[in-house]
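This report introduces selected local features of a single structure to a reader who has not met it before. The sequence and the model are shown first, and the description follows.

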Amino acid sequence: MESLLSEGRVAEKNEVRYVEVPAASEGQRIDNFLLRELKGLPKSRLYRLIRKGEVRINKKRTKPEYKLAAGDVVRIPPVRLGVGSVPALPGAGLRDRLLDSVLFEGEDFLVINKPAGLAVHGGSGVHLGLIEAMRQLKPRWQDLELAHRLDRETSGCLLISKNTLFIRYMHKELKAKNVDKTYLALVVGQWPQSLTEVNAPLRKNELLSGERMVRVQEQGKSALTRYRVIRRFRGATLVEAMPVTGRTHQIRVHCQHAGHPILGDSKYFELSGHESPLPGKVAVKTLCLHALRLQFKLPEGGPVAFDAPLNPVMSGIMDSLGEHSPLGQDKRRRKAAGKPAS
């Protein structure tokens, strides 16, 4: 199928277009399909078109997460793309940082150690996302697509597809819960050794400001996260978090719900009423959540696993906290040193 717009061209389309979905695009989300067809269209505007019903599939309204089927007929409304809509070019610093972050490149996919603070997609208030930048780094990367997503503030393993067949395969594996994701979260307080899972339904809410928040609510969708204590610090605990479901902000909200919010979480930490455990109560400004490991099975082959080194900011925060010393251990150390136990 010929693309509606040539790449990088400034154009105005005054007529409605009807595009039949080819077999190669089956399983792709409608929002990602349109982002490729309407290069340069701001993501916020695309979602507005879908929400208003101007984008239709088989003459029916749709949602951004709809998965296309071969033969679907997509109605694409008239749009105008201006020079200001073309994605910005990544600067030299960002180019080098992304290239250095590639953990693996194969024929079908890339695995990257996503930097914290970089949105995976451009959108409202974000002129250049990770995927838009990656497509501009090398000619063979022009058709890259996200196989899954990470929050802007989260660092770590991110899987990026190089072709439609692989992304369709991964979407099926994710839906079947055949992909294992392991995160490291630095949470406030001493996480109980016995607390090995949080099973609480989550519901997305949108504030008047347009900011998206997630709450534990009975009317929400089921959500399950498994946890394991890795290391204890003064006033904080490093836990391994393994989401069984894949809800928005799931790990962050489940940690808050358990009474141990993630350090540096600007959305949910303040709601918990906790103070920073850093010396002098210095605020942590970086979300201490890292996608450590990604495990899945190749379409034709055995299982693979990829690990992403912890980002230096989060490592530095742990170094500044110091090791946790339980009361009993502290008394034994004082006695061994000839000091009175307090």
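In this predicted model, helix α2 spans residues 43-51, and its buried residues are K43, L46, L49 and I50. Viewed down the axis of α2, these buried residues fall within an arc of 120 degrees, so they line one face of the helix. An α-helix has 3.6 residues a turn, so residues three or four places apart point the same way. The cover over the buried residues of α2 includes helix α1, residues 30-37. Just after α2, G53 adopts a positive phi of about 85 degrees.

**The pairing of α1 and α2**

How do the two helices lie with respect to each other, and at what angle do their axes cross? The axes of α1 and α2 come within 11 Å and cross at roughly 125 degrees. Angles of 65 to 115 degrees count as roughly perpendicular and those over 145 as roughly antiparallel, and α1 is therefore oblique to α2. The crossing of the two helices is right-handed. On the side of α1, the contact is made by D31, L34 and L35, while α2 contributes K43, L46, Y47 and I50. By character, the residues of this contact divide into five nonpolar, no polar and two charged. Three of the names recur from the description of α2: K43, L46 and I50 are buried and also take part in the contact with α1.

**Positive phi angles**

Several residues in the model have a positive phi, as the table sets out.

| Residue | Phi | Place |
|---|---|---|
| G53 | about 85 degrees | just after α2 |
| K59 | about 70 degrees | loop between β3 (56-57) and β4 (60-61) |
| H249 | about 55 degrees | loop between β16 (236-243) and α6 (250-257) |
| G259 | about 90 degrees | just after α6 |

K59 has its positive phi although it is not a glycine, and the same description applies to H249. Are these two residues buried or exposed? K59 has a relative accessibility of 77% and counts as exposed, because the limit for that class is over 50%. H249, by contrast, is buried, with a relative accessible area of 8%.

**Helix α6 and strand β16**

The loop that holds H249 lies between β16 and α6. Seven of the eight residues of α6 are buried, so this helix is largely enclosed by the rest of the structure. The buried residues of α6 are Q250, I251, R252, V253, H254, C255 and Q256. After the end of α6 comes G259, with a positive phi of about 90 degrees.

Strand β16 contains E240. This residue is buried, with a relative accessible area of 10%. Leaving aside residues up to four places away in sequence, E240 touches T182, Y183, L184, R226, Y227, R228, I230 and R293.

**A23 in the loop before α1**

A23 is placed in the loop between β2 (17-20) and α1. Which residues does A23 touch, not counting those up to four places away in sequence? The contacts of A23 on that count are A70 and R168. The C-alpha atoms of A23 and G71 are separated by 7.5 Å, although the two residues stand 48 residues apart along the chain.

Definitions and conventions:
Residues numbered from 1 in each chain as written. Predicted model: local features only at pLDDT ≥ 70, side-chain atom pairs only at ≥ 80, totals over all residues. Heavy atoms only, no water. Buried < 20%, exposed > 50% of the residue type's maximum accessible area, 1.4 Å probe, protein only. Helix = DSSP H or I, 4+ residues; strand = E, 2+ residues; numbered from the N terminus. Arc of directions from axis to C-beta. Contact = heavy atoms within 4.5 Å. Axes fitted to C-alpha atoms, helices over the stretch in contact; angles between N-to-C directions. Parallel < 35°, antiparallel > 145°, perpendicular 65-115°, else oblique. Left-handed = near helix turned anticlockwise from the far one by under 90°. Nonpolar A, V, L, I, M, F, W, Y, C, P; charged D, E, K, R; others polar.
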